[in-house]
Amino acid sequence: MNHLQTVLGPLAPTDVHGPALAHEHLALDLDRSGDRAAVLDPQAHGPRITEELTSLREEFGLALVIELTCRGMGRDVEALARMAKDSGVAVVAATGWYYEPFHPEEIGDASAEQLAGTLIHEIDGGIGATGIRPGVIGEVGSHGDTPSEPETRSLLAAARAASATGLSVATHAQLGRGGLAQLDLLTGAGLAPHRISIGHQDLLDRPSVHRELAASGAYVAFDTVGKESYQPDATRLRLLLQLLEAGHADRVLLSCDISRHGYLESEGGTGYGHLFRTFLGQARAAGVDEDLIDLMTRRNPVRFLTGAAAHEDV
């Protein structure tokens, strides 16, 4: 693809001048218990999310958010469009299916081909009646070391839709597990590795897996930065430095995966800016230079979305 598809229309890669957040949620509903914790409600939380994005644009030049809320996750692309317009930060919306506990009934016994058709319809024609087109397929999920049968179908559907439309695929690997199996499924269906981002690898303390994913050409997403209850940032930084030392900086994507309203700054959480305000400072102190930071936070996300090869300039 020669452009990024955002909720406000096409965006040239050369117009992305600042960093991106590669895996976030701005509107979301994963509530299954009734406590409303795993929710980002556009009415209740949207204005505060917009304020955070605006502040990050002004302070750090935040240019782009890859918003990976997909079908069955409470997706609201009209809310994303409002936030993008009001904050001045470009937002890319997603399509696909999350991991099995959150699969909607439409997964059922539909074939991978039928599911791919559903995704292609949204990608080509827009989401519902909004006319807003997704610019990425994700976060397509699995849990455990191998995808379940319904997860396998949704991953195969993602690969087929990606091949048909030119979009790239971002995955949800629950607690970092199963990334190699996801990659095998997606590439086995004909999708090039550089159009795949394997999610939540900063939750998996296995540097050999990260190296194997990166060596294949896939992106390795360290995308839960700041979620200390899952993994200390000190461990994330160690894993990141090991991947950089192995020569794979061009395969890294970074983000915070804000998925509960309690993570918002206005509610005392680390917010969307933790990557810029804290974690990257720690990386700099450990010797990571500005060119590598620009690579990981700007050039890599743009290349991932456009399907560009690592050597292509953006």
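A disulfide is a pair of cysteine sulfur atoms within 2.5 Å. By that criterion, the structure, which is a predicted model, holds zero disulfides. Cys-70 takes part in no disulfide, and the nearest cysteine sulfur to its own, that of Cys-256, lies 19 Å away. Because its relative accessibility is 0%, Cys-70 counts as buried. Cys-256 is likewise in no disulfide, its nearest cysteine sulfur being that of Cys-70 at 19 Å. With a relative accessible area of 1%, Cys-256 is buried.

**The two open sheets**

Three strands build one open sheet, arranged in the order S3-S6-S7 with parallel pairing. Its edges are formed by strand S3 (20–24) and strand S7 (90–92), each of which pairs on one side only. On average, neighbouring strands of this sheet are turned by 20 degrees against each other, direction ignored. Strand S6 (residues 64–67) runs parallel to S7 and is joined to that strand by three bridges. Within this pairing, Leu-64 has Ala-90 of S7 as its bridge partner.

Another open sheet comprises six strands in the order S8-S9-S10-S11-S12-S13, and its pairing is parallel. Strand S8 (94–95) and strand S13 (252–254) stand at its edges; each has a single partner strand, so one side of each is left without a neighbour in the sheet. Strand S10 (residues 169–173) pairs with strand S11 (residues 196–198) in the parallel sense over two bridges. Here Val-169 stands opposite Ile-196 of S11.

Helices pack on both sheets, as the following table sets out.

| Helix | Strands touched | Angle between directions |
|---|---|---|
| H9 (residues 290–306) | S3, S6 and S7 | about 45 degrees with S6 |
| H4 (residues 149–165) | S9 (136–142) and S10 | about 160 degrees with S9 |
| H7 (residues 233–245) | S12 (219–222) and S13 | about 160 degrees with S12 |

**Nonpolar cores**

The largest nonpolar core has 82 residues, and those with the most contacts inside it are Leu-26, Ile-137, Tyr-272 and Leu-275. When neighbours within four places in sequence are left aside, the residues in contact with Ile-137 include Thr-95, Gly-96, Leu-119 and Ile-123. Also among the contacts of Ile-137 are Ala-158, Ala-161 and Ala-162, together with Leu-167, Ser-168, Val-169 and Ala-170. Another core, of 19 residues, lies apart from the largest one; among its members are Leu-4, Val-16, Leu-253 and Leu-305.

**Two local sites**

Ser-87 belongs to helix H2 (residues 77–87). This residue counts as buried because its relative accessibility of 1% falls under the 20% limit. The side chain of Ser-87 reaches the backbone nitrogen of Val-89 at 3.1 Å. Residues up to four places away in sequence not being counted, Ser-87 touches Thr-50, Leu-53, Thr-54 and Arg-57.

Ala-37 is located in the loop that lies between strand S4 (28–29) and strand S5 (39–40). Although 225 residues separate Ala-37 from Gly-262 along the chain, the C-alpha atoms of these two residues are 7.1 Å apart. Ala-37 also touches Arg-260 and His-261, again without counting residues up to four places away in sequence.

Terms used. Residues are numbered from 1 along each chain as its sequence is written. This is a predicted model: local features need pLDDT of at least 70, side-chain atom pairs count only at pLDDT 80 or more; totals for chains, interfaces and linings use all residues. Side-chain values use heavy atoms; hydrogens and water are left out. Helices (H or I, at least four residues) and strands (E, at least two) are DSSP runs, numbered from the N terminus. Buried means under 20% relative accessible area, exposed over 50%, partly exposed in between (1.4 Å probe, protein chains only). A polar contact is a pair of N or O atoms within 3.5 Å; within protein, one must be able to donate a hydrogen and the other to accept it, and residues adjacent in sequence count only if both atoms are side-chain atoms. Contact means heavy atoms within 4.5 Å. Two strands pair if DSSP finds at least two bridges between them. Axes are lines fitted to C-alpha atoms, for helices over the stretch in contact, and angles run from 0 to 180 degrees between N-to-C directions. A nonpolar core is a set of buried Ala, Val, Leu, Ile, Met, Phe, Trp, Tyr and Cys residues joined through side-chain atoms within 4.5 Å.
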